Amino acid sequence: MSEDSILLPLITSSSRKFDHFRYLSYRNKLEEEHGVELVCVPLEYKEIQSDDMELLLSEAIKRNVFDEIRDTFFLIEQTSVFFDAMDGQGPGQYFKKWWNTKSEEDLKLKFSQSNGATIESGLALNIPNHGPLILTNRQRGKINLDGKIREENERFSWLSADDFNLYFTPNGANKVYNEMPIKDFLKYDFRRPIFDQVCQRMGEYAAVINSGVSKDRIKTILEFATRETIRKDSNCFELVAEDSKQTQIDDSRFL
């Protein structure tokens, strides 16, 4: 933690979600190597109801509540769950509310014939003066109502609570998330693939920011280091005619 860190706010009121991403940030050496510190900002915002994760995130990041921080980097994450027993149509982002209204008997009955499930994670990275980077990832698996919490996972809040990680076995595994050693969990982590991409992108942005580069600085360096800088107007590439034959004739000038 440094006063010179580039802060990357994660918009969430969930301490477990923040702990999960904080651990992934640590594994990516986001702060150690790039000086980017993940922080939690518990802003509340209205969500649309949709099973389309990209639409959900693209609409969420437009909310007025983010106007005051729109000139900075920040992250929004959404998690949705879809059950085969519901024809893959829901409950989507409202799965926690849906799950908590059901008894164990209700759940056993619901998934007795079809226990397949999909967890989808989506991330939207706000990029100042640019459109957001939106990433999604899906993990297939099945409902397992006999899962346990591994004792050594007590130090990982997202792997030691009575939430969906206690009832989901990803394809290729034989344990629920909460029962896996952390090294095995990382192989099936539904959030990790897209957050790794965010970390790579933030590392690139941080390198530019930390270099102190500016338009004037780039111009000065080129003028000093090179004898000649050739500039041409790219408007000559604009096509006047849409006819394919005319296009071929126009383009022949550059062959």
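Here are four short exercises, with worked solutions, on a predicted model.

**Exercise 1. The largest pocket**

Find the volume of the largest pocket, then work out which element gives the most to its lining.

*Solution.*
- Start with the space itself: the volume of the largest pocket is about 740 Å³.
- Next, look at the wall. The lining of the largest pocket is made up of 27 residues, and Ser14, Lys17, Gln78, Gln93 and Lys96 are the ones nearest the centre.
- Now assign the lining to elements. At least two residues each come from α1 (15-27), β3 (74-83) and α4 (95-100). With four residues, β3 gives the most.
- Finish with the chemistry: the lining of the largest pocket holds ten nonpolar, eight polar and nine charged residues.

**Exercise 2. The second largest pocket**

Describe the lining of the second largest pocket by residue, by element and by class.

*Solution.*
- The second largest pocket holds about 240 Å³ of space.
- Its lining counts 14 residues, with Arg22, Tyr23, Ser25, Tyr26 and Glu31 nearest the centre of the pocket.
- Two or more lining residues come from each of α1, α2 (30-34) and β2 (36-41). Of these, α1 has the largest share, at five residues.
- By class, the lining of the second largest pocket splits into six nonpolar, one polar and seven charged residues.

**Exercise 3. The setting of Glu120**

Decide whether Glu120 is buried or exposed, and find the partner of its side chain in a polar contact.

*Solution.*
- Locate the residue first: Glu120 sits in strand β5 (residues 116-126).
- Check the accessibility. Glu120 has a relative accessible area of 7%, and it is therefore buried, since buried means under 20%.
- Look for a polar partner: the side chain of Glu120 makes a polar contact with that of Arg138, at 3.3 Å.
- Complete the surroundings. Leaving out residues up to four places away in sequence, Glu120 touches Asp51, Met53, Gln78, Thr79, Ser80, Phe82, Thr136, Asn137 and Arg138.

**Exercise 4. Cys40 and Cys199**

Explain why the sulfur of Cys199 has no bond to the closest cysteine sulfur, and compare the accessibility of Cys199 with that of Cys40.

*Solution.*
- Begin with the whole structure: a search of it turns up zero disulfides. Cys40 is in none, and the nearest cysteine sulfur to its own is that of Cys199, 16 Å away.
- Take Cys199 next. Its sulfur lies 16 Å from the closest cysteine sulfur, in Cys40, so the two are too far apart for a bond. The cut-off for a disulfide is a pair of sulfur atoms within 2.5 Å.
- Last, set the accessibilities side by side: Cys40 is partly exposed, with a relative accessible area of 32%, whereas Cys199 is buried, at 4% relative accessibility.

Methods. Residues are numbered from 1 along each chain as its sequence is written. This is a predicted model: local features need pLDDT of at least 70, side-chain atom pairs count only at pLDDT 80 or more; totals for chains, interfaces and linings use all residues. Side-chain values use heavy atoms; hydrogens and water are left out. On a 1 Å grid over the protein atoms alone, a cavity is a set of points where a 1.4 Å probe fits but cannot get out, and a pocket is an open set with protein on both sides within 12 Å along at least five of seven lines; lining residues have an atom within 4 Å of a point. Grid points are joined across faces, edges and corners, and a volume is the space filled by probe spheres set on the points. Ala, Val, Leu, Ile, Met, Phe, Trp, Tyr, Cys and Pro count as nonpolar, Asp, Glu, Lys and Arg as charged, and the others, Gly among them, as polar. Buried means under 20% relative accessible area, exposed over 50%, partly exposed in between (1.4 Å probe, protein chains only). A polar contact is a pair of N or O atoms within 3.5 Å; within protein, one must be able to donate a hydrogen and the other to accept it, and residues adjacent in sequence count only if both atoms are side-chain atoms. Contact means heavy atoms within 4.5 Å.
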